[in-house]
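Reader: I am new to this structure. Could you walk me through how to read it?
Author: Gladly; let us look at it together.

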Amino acid sequence: MSDDIVELTTKHTYGTWRAQRGWKPIHVTRAEGCAFWDASGKRYLDLSSQLICSNLGHQNEAVIEAICAQARQLAYISPAHTCEVRARVAQKLLEVMPKGLDKFFFATSGTEANEAAFKMARLYTGKHKIIARYTSYHGSTAGSVAATGDFRRWFIEPAGKIPGVVFGPEVNCYRCPLGRSHPECGVACADYLAYMIDHEENVAAVIVEPVVGTNGVLIPPADYLPKIAEVARKRGVLLIADEVMSGWGRTGKWFAVDHWGVVPDILTTAKGVTNAAAPLGVVATSRAIADYFDDNMFAHGHTYEAHPLTLAPVIAAIDEYRRLDLLDRATKMGDVVGAKLRALKEKHPSIGDVRGIGLFWAVELVKDRATKEPFNVPQDKAARRPLVVDAVVAEAAKRGVSLMGWVSHLLVAPPLIISEAEIDEGIAALDAALDVADQRLSG
Ligand code: PLP
């Protein structure tokens, strides 16, 4: 039975961001809390919340029930009409969004949210260019992948890349793109973005992941985001915060920008907003942007925009984050995870850096701690060469622990409900799996 499912899947459906040959997905039959099970009954502890999205844990009952109730009541209505769930979700979002962001566009993914944000920024400012940063991911369709700094953009270049995106340096205090160190640098990477705006005409917006996600949980120093916000504001350029991954308690706050008291002009989000149980993307905008579209064409929309089934779980999800105290819990359990990962660093010479905030952690693997040379670079992943992180992930999976590997780092971002016993279980498997990387060290 399971072979059938895998064969039908791989023969007739596409596996994403990979060559199709060799794809052998796990046939998942059940998921609950912090674990999922395959068709043979094997249990996996989920240390990356799938794609860092199942923040409340799998099959949260309140969320599932809300979707079922909405399906029975009103499964679809044109976005030109309204329905209660649309209005109530907007009202509820006001409770958690950074103050001042009070009008929303509802799409069906993080990618679509960013596409909408770019279009809105361009319409509002009358300018065209978007400044993004190299170490970033903003989505997979034309505009959002063009604004993606990482190697996933390379596949559509040069012919497919829409014009109008300029890339600047990311903030990465482990491997500074400007070769500086904080605090002596005075966040020179933020100053560089100011320099870019001043030398590029026609800049509509700067987009940042306030804490870079897939590309390695890069946490900015405290003075970075406030400086970027100020730089952008002074120049009439909008700041877009992409909180698709960093939102919804992941970092210990509703949104990562809340750590630094920064209110962007536009905030995009998805994933944890519905606990990934329904495909919702949200664009939250400032009142100034909202007012602009009162008398100017909001030239955007989809059949599935503000879809009742995607909105249905939002209120239940927000109530669950609160009932389970998951923002504080992410901070507390994050400290536990951080201490254990740092202990692994003492033990495993292949670990170059461990960094995190809340329950959002990266373990960076290097050939040599002194030179920080990574085992693999993005070109290896793009060219489908074997990656050391993939071998570590496979070893952890054998031991019943699922986590995400990316180029030369591992992402540890479990559901925010994870217990200490589950953390111990995950760390023990990771500990054993990291021997695989240690064995690849040259010395
Ligand atoms: N932005 C960020 C920061 C993301 O991490 C992702 C997905 O991982 C996206 C955008 C794209 O979201 P989606 O996969 O829902 O299209």
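Author: What follows is a short tour of the ligand site and the aromatic rings. This is a predicted model, in which local features need pLDDT of at least 70, side-chain atom pairs count only at pLDDT 80 or more, and totals for chains, interfaces and linings use all residues. Residues are numbered from 1 along each chain as its sequence is written, and side-chain values use heavy atoms, with hydrogens and water left out.

Reader: Which residues surround the ligand?
Author: A residue is near a molecule if one of its heavy atoms lies within 4 Å of it. Here the ligand's surroundings include Ser-109, Thr-111, Tyr-137, His-138, Asp-242 and Lys-271. By class, the shell has three nonpolar, six polar and three charged residues. For these classes, Ala, Val, Leu, Ile, Met, Phe, Trp, Tyr, Cys and Pro are nonpolar, Asp, Glu, Lys and Arg are charged, and the others, Gly among them, are polar.

Reader: Which helix gives the most to that shell?
Author: Helices (H or I, at least four residues) are DSSP runs, numbered from the N terminus. Helix H5, residues 110–125, gives the most, with three residues.

Reader: What polar atoms lie by the ligand's oxygen and nitrogen atoms?
Author: A polar contact is a pair of N or O atoms within 3.5 Å. A side-chain N or O atom of Thr-111 is 2.5 Å from an oxygen atom of the ligand. For Tyr-137, a backbone N or O atom lies 3.3 Å from a ligand nitrogen atom. In Lys-271, a side-chain N or O atom is 3.0 Å from an oxygen atom of the ligand. Taken alone, the ligand exposes 390 Å², and the protein buries 83% of that; such areas come from the Shrake-Rupley method with a 1.4 Å probe.

Reader: How many aromatic pairs are there?
Author: Rings of Phe, Tyr and Trp (its six-membered ring) pair if their centres lie within 6.5 Å; planes under 30 degrees apart count as stacked, over 60 as edge-to-face and the rest as tilted. A search of the whole structure finds 16 pairs. The ring centres of Phe-151 and Phe-155 are 6.3 Å apart with planes at 70°, so this pair is edge-to-face.

Reader: Is Phe-151 buried or exposed?
Author: Buried means under 20% relative accessible area, exposed over 50%, partly exposed in between (1.4 Å probe, protein chains only). Phe-151 has 7%, so it is buried, whereas Phe-155, with 52%, is exposed.

Technical notes. A polar contact is a pair of N or O atoms within 3.5 Å; within protein, one must be able to donate a hydrogen and the other to accept it, and residues adjacent in sequence count only if both atoms are side-chain atoms. Helices (H or I, at least four residues) and strands (E, at least two) are DSSP runs, numbered from the N terminus.
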